[in-house]
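Colleague: I should be grateful for a close look at a single part of this structure. Please explain it in terms that a first-year student can follow.

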Amino acid sequence: MQSKMKESDPILEVENLSASTDNLPILKGVSLTVYPGEIHAIMGRNGCGKSTLSKIIAGHPSYNITNGDIKFLGENINSLEPEERSQSGIFLGFQYPIEIPGVSNLEFLRVSTNARRKFLKKEELDTFDFEELVKEKLEIVKMDPAFLSRSVNQGFSGGEKKRNEILQMALLEPKIAILDETDSGLDIDALRIVASGIKKISNAQTAIILITHYQRLLDEIKPNYVHVMSDGQIIKTGESDLALELEEKGYEWTDNFVKET
Amino acid sequence: MVNENLVKDVVKEPYKYGFVTDIETEKIEKGLNEDIIKLISQKKEEPKFLLDFRLKAFKKWQKMKEPDWAALGYKKIDYQDIIYYSAPKQKEKISSLDEVDPKLLETFDKLGIPLTEQKKLTNVAVDAVFDSVSIATTFREELAEHGVIFCSISEAVKNHADLIEKYLGTVVPASDNYFAALNSAVFSDGSFVYIPKGVTCPMDLSSYFRINSGDSGQFERTLIIAEESSSVSYLEGCTAPMFDTNTLHAAVVELIALDDSSIKYSTVQNWYAGDEEGIGGIFNFVTKRGKCLGKRSKISWSQVETGSAITWKYPSCLLLGEESVGEFYSVALTNNLQQADTGTKMIHIGPRTKSTIVSKGISAGNSKNSYRGLVKMGTKAAGSRNYSQCDSMLIGDQASANTFPYIKSQQPNSEIEHEASTCRISEDQLFYLQSRGIEFEEAVSMMVSGFCRDVFNQLPMEFAAEADKLLALKLEGSVG
């Protein structure tokens, strides 16, 4: 299914990727190709390697790629620094957004946005222009401007942290966003806000990978493909109804799958 | 607010104040004895009371032992191998800036402290001290209109001997400690500030200390007096060239605040810190103390300590006047093989006195950074309060941080509150910032600035930006 001819070039190609941390293998040959306009969901038990996959694509230094390649817009990015990946348009929405005491959210967002804009050869924004832009984007996630003057994620509730992640996505306008359990810890209302935010930001030229345990996010954002991971491998790929089947039968059902080759 | 963007421009620069000015200097011979002290006093044409002050201090110093309680390790200082007076040769009497050696003006220009009439900073009056002497003081006439005296301490000895005799050594007595005694015996120059009753000093005052010579020590002495209901903000900056030998800097600063007056004293200390192997650098042994003599008087110390191979410094407040207030805001950053043992003493003597201590220590490389502080509530300090917060940040896994808070209370009706924390810049925090396109070193700078925010907010505007840049510079290459 992944190999069928598409009209445009893929945004992301993960080819037979294996990776380890502290000599412990986590990923054992993952392949995944994502085209513009697509939404992919990755599901699987805790510890199956789905968060690791997202961190490795974003360039987390704790993991070593032992085999395989990651290509972004046709270029191998295995050795790029995390900031270079971000600047070129890869976005990782964190499962647990990190608190940075003392660093103002506004300044953080501005520096981050300008790093991306610089890469895109767009004019960097001063504080005043940036405030205009960020106010517009705050609407998307229905965040109070008061969040801007607080320290990055510090003292934010779980839901506020997740909305702050989507705000960053809105500002950075990535080519591909990998959202790691963005739905966890959200109540129904917050989930709807986040989901509609994600939809507003994405378009036919961008792609999304949703990492999730739950159907409820996928009800809001319908994926084109659903992948099931287990023990560092993608063991099954299907269309959106696969998620419904998983929801019904539980991960035990997937234990019987043999890796599809 | 500190603009993190400033950080970016300078992060790649080495110690940019490391140059030496090639200028003819007048130095006396190495060593320390009564004759040397008499010679210094004679060169400065001092009155007898000051020579006596020096000689008495010297006698005391000879009987004292160099303190060894600080968490510092360094090669023993040979006090006979130091030159105690070094001054650039210039005309005997200088009546205007036009007569100052252009090389000196150029030096301060390079340091970002222009002194000439056309270029001088518009909102700050500067006293520029080069090795043992004060070169120039700007805005003197303007300040004089308000009755403010701002000049070198040598001049003050000549023109305001009564004030010097009345106050010198009353906050830091010569016998206070080993380095204070040494300074009292040999001090060469420094700044003198007098703010008359009811006057709010119309501009910030600033002293800039420059060590140029490699084999002479710098022993400056600063005295600030704020009369009733007056206020002043004073800034101090320091740099030195890069030498592979250690240079001794032993200063004394005394502040006196009378009823309802306030003194804000800010320091950005960027003496040469030695190289990555710990060769060279300034030994910085400083005694700074303020006396809140008057009711409701206030003394606030803020310091950003980034330089020196060794820092030994505890700016303190004696809170005598009732309801007087003492503050200490400090950022001390050490990298490579630097060692800092710094903190404060808040001595509550009068009733309902209040003190605040906020200390942020950042240790990177193989450095050692200790906070040492004393909060004391005397028997008459009923209703007094102290709040202390001491935070340490470790960068890398070779650096160390210590906190030594001493608390003594002889007054049950007083409150002392102490909070301490240690944190490390985590890989996850760095990754988070990097994954948002922010480069590694900038990410570190942002977090360090964030950690120091409470203190930076206390600094005068220009100093805050300067301090931010300085930290970024000092941290270059310290991580990863």
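Modeller: Let us begin with one pair of residues: Val193(B) has Ile224(B) as its bridge partner in strand 8 of chain B. Please bear in mind that this is a predicted model. The pair belongs to a wider pattern, since strand 6 of chain B and strand 8 of chain B, which covers residues 221-226, are joined by four bridges and run parallel.

Strand 6 of chain B also pairs with strand 5 of chain B, residues 149-152. Here the two strands are antiparallel, and the number of bridges is four. One residue to follow in this pairing is Cys151(B), whose bridge partner in strand 6 of chain B is Phe192(B).

We may now turn to the side chains of strand 6 of chain B. Ser191(B), Val193(B) and Ile195(B) point one way from the strand, while Phe192(B) and Tyr194(B) point the other way. Are these residues buried or exposed? Every one of them is buried, whichever way it points. A residue is called buried here when 20 or more other C-beta atoms lie within 10 Å of its own. Because five of the five residues in strand 6 of chain B, residues 191-195, are buried, the strand is largely enclosed by the rest of the structure.

To summarise, strand 6 of chain B has a parallel partner in strand 8 of chain B and an antiparallel partner in strand 5 of chain B.

Methods: Residues are numbered from 1 along each chain as its sequence is written. Chains are lettered from A and ligands numbered from 1 in the order in which they are written. This is a predicted model: local features need pLDDT of at least 70, side-chain atom pairs count only at pLDDT 80 or more; totals for chains, interfaces and linings use all residues. A residue is buried if 20 or more other C-beta atoms lie within 10 Å of its own, exposed if 12 or fewer, and partly exposed in between; C-beta atoms are placed from the backbone. Two strands pair if DSSP finds at least two bridges between them.
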